[in-house]
Amino acid sequence: MATKPSFSEEIASLLHAAHGNPIKTCIQCGTCSGTCPVARFMDDSPRRVIAMINAGLKDRVLASNTFWYCASCYYCTVRCPRGIDIAGLMYALKRYSIWKKQYKEGLVGPVFSETFVKTILKSGRSYEPVLATSYLFTFGVQEFLQEAQTATSLMLKGRLPVLPPRIKRLENFRRMVRRIIPLGGD
Amino acid sequence: MKTYAYFPGCSLEKMALSYHLSALETTRKLGVELKELEDWNCCGATAYFHVDELLAHTLCARNLAMAEKENLDLVAPCSGCYKNLYFARADLKRDSDLAEHINYALEEDNLQFTGSSEVRHLMEVFVHDVGLEEIKAKVTRPLDGLRVAPYYGCQILRPRKDHEDVEKPRFFENLLSTIGAVPVQFPLKLWCCGGALILTSRKSALSMVRNLLQSAVDSGAAVIATACPLCQVNLECYQKQVNQEFGTELSIPVMYFTQLVGLAFGIPPESLGIGSELVSARPILSYTEK
């Protein structure tokens, strides 16, 4: 009889396209955490997250901000002595948490990523002003004013697009997307 | 004349227009044609891969297949686009099931991925394909004495593509020396600018940007050189916010390597998009007026 996969098996299977070794080969050396430029802002260090996954602490892993604070710099990946693609693992956790709709409250990352995907599916290209709606609401007054000031300066230098860009063969593009996700793409 | 399919990427349309302009101007001088890929789409950045890897690969594959149709190798000036396109190609070449699935979708746009076009970063075209000797031969106004921090950032190097040195690379320094500039010892040259965290986890990204700027200033650089639009925007456009956040008084121009190469080639600053920066690059121009 088939058994339900454990959390660590689920996460390992999400790494199908990653190049590295399985996370269960981790020796907990901490090279990843020592290399990570964002580690001090994370709830749990990358090393700790790997230990938590291997211990099956699913809810605690999903409640952590760690993988949403990963900047995708791949420093951990190139340095891991066991050859684990740790940045790839952070991507897998992001996808898993979006799929399960289970992530720490107040994080901008998941909303931003989903808004980004919708923008691309709509026009084929990225458009900053739409993306801004996903994070500006989380800003306090001071941060909002600072961001508005930066945007205004960029606008004056002609560095912000006024109209959303759009690819030409958009209909083909959307049909292409629907062949990947039959009900998606709109 | 060597011709490449050119994938500018979303940033270069507006935010990093100066990178686009200076890339075209400098390559033209070097006898390289960057032929913009007709109807290219977004590479997926990092955010798309957070949601759906298969679709993200499909986005890259469409661009790759269009370059193949032209029979040209594909060049990306943005390190993020480069990394995505490079690894999408590698993954599809390695995994025939994945390629078959994606090719079924590409049929809708009359395209097919085979893997025949290679992916290059614009920097590779300069230092590898054209070569430093050729570049040196075109220098008419060497940037003598200009101290530059060579900022590699992440995705031009990482993840490791082949067997290149990801811990102590020198190609950026070598390019800067070729145009007469002085590459400084920049301890944080391989560290991350924060990438998209500037939008999603602002405080952590501002702190990362601050460290980089401080390191560049401490190393005696007059300017930071970059090969990625995201790095440029984070390091340049957020300097004011860094100063407000940390009470610092950092002010250092951040320029694309193509802008510095262009100045050394004697190309007028306005043709290189100089003037659209938020931290003025004017002080750098004096080095070409000697």
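Which domains does the domain assignment of chain B give? I began my notebook with this, keeping in mind that the model is predicted. The assignment lists domain 1 as residues 2-122 and domain 2 as residues 140-288 of chain B.

**Entry on the two domains of chain B**

I looked up how domain 1 and domain 2 of chain B sit with respect to each other, and I found their C-alpha centres 24 Å apart. Turning to the contact, I noted that 22 residues come from domain 1 of chain B and 24 residues from domain 2 of chain B. On the domain 1 side, the elements that give two or more residues are helix H1 (10-13), helix H2 (17-29) and helix H5 (79-94) of chain B, and the largest share, 9 residues, belongs to H2(B). I then sorted the residues of this side of domain 1 by class, which gave 11 nonpolar, 8 polar and 3 charged.

**Entry on a helix pair across chains A and B**

Next I looked up helix H10 (residues 170-180) of chain A, which packs with helix H6 (residues 96-106) of chain B at an angle of about 145°, and I wrote down that their axes are 7 Å apart. I recorded both values because two packed helices are described by the angle between their axes and the distance between the axes. The crossing of H10(A) and H6(B) is right-handed.

Which residues make the contact of H10(A) and H6(B)? From H10(A) I listed Met176(A), Arg179(A) and Ile180(A), while H6(B) brings Tyr104(B), Ala105(B) and Leu106(B). By class, I counted 5 nonpolar residues, no polar residues and 1 charged residue in this contact of H10(A) with H6(B).

Terms used. Residues numbered from 1 in each chain as written. Chains lettered and ligands numbered in written order. Predicted model: local features only at pLDDT ≥ 70, side-chain atom pairs only at ≥ 80, totals over all residues. Axes fitted to C-alpha atoms, helices over the stretch in contact; angles between N-to-C directions. Helix = DSSP H or I, 4+ residues; strand = E, 2+ residues; numbered from the N terminus. Left-handed = near helix turned anticlockwise from the far one by under 90°. Contact = placed C-beta atoms within 7 Å. Nonpolar A, V, L, I, M, F, W, Y, C, P; charged D, E, K, R; others polar. Domains from an automatic or database assignment.
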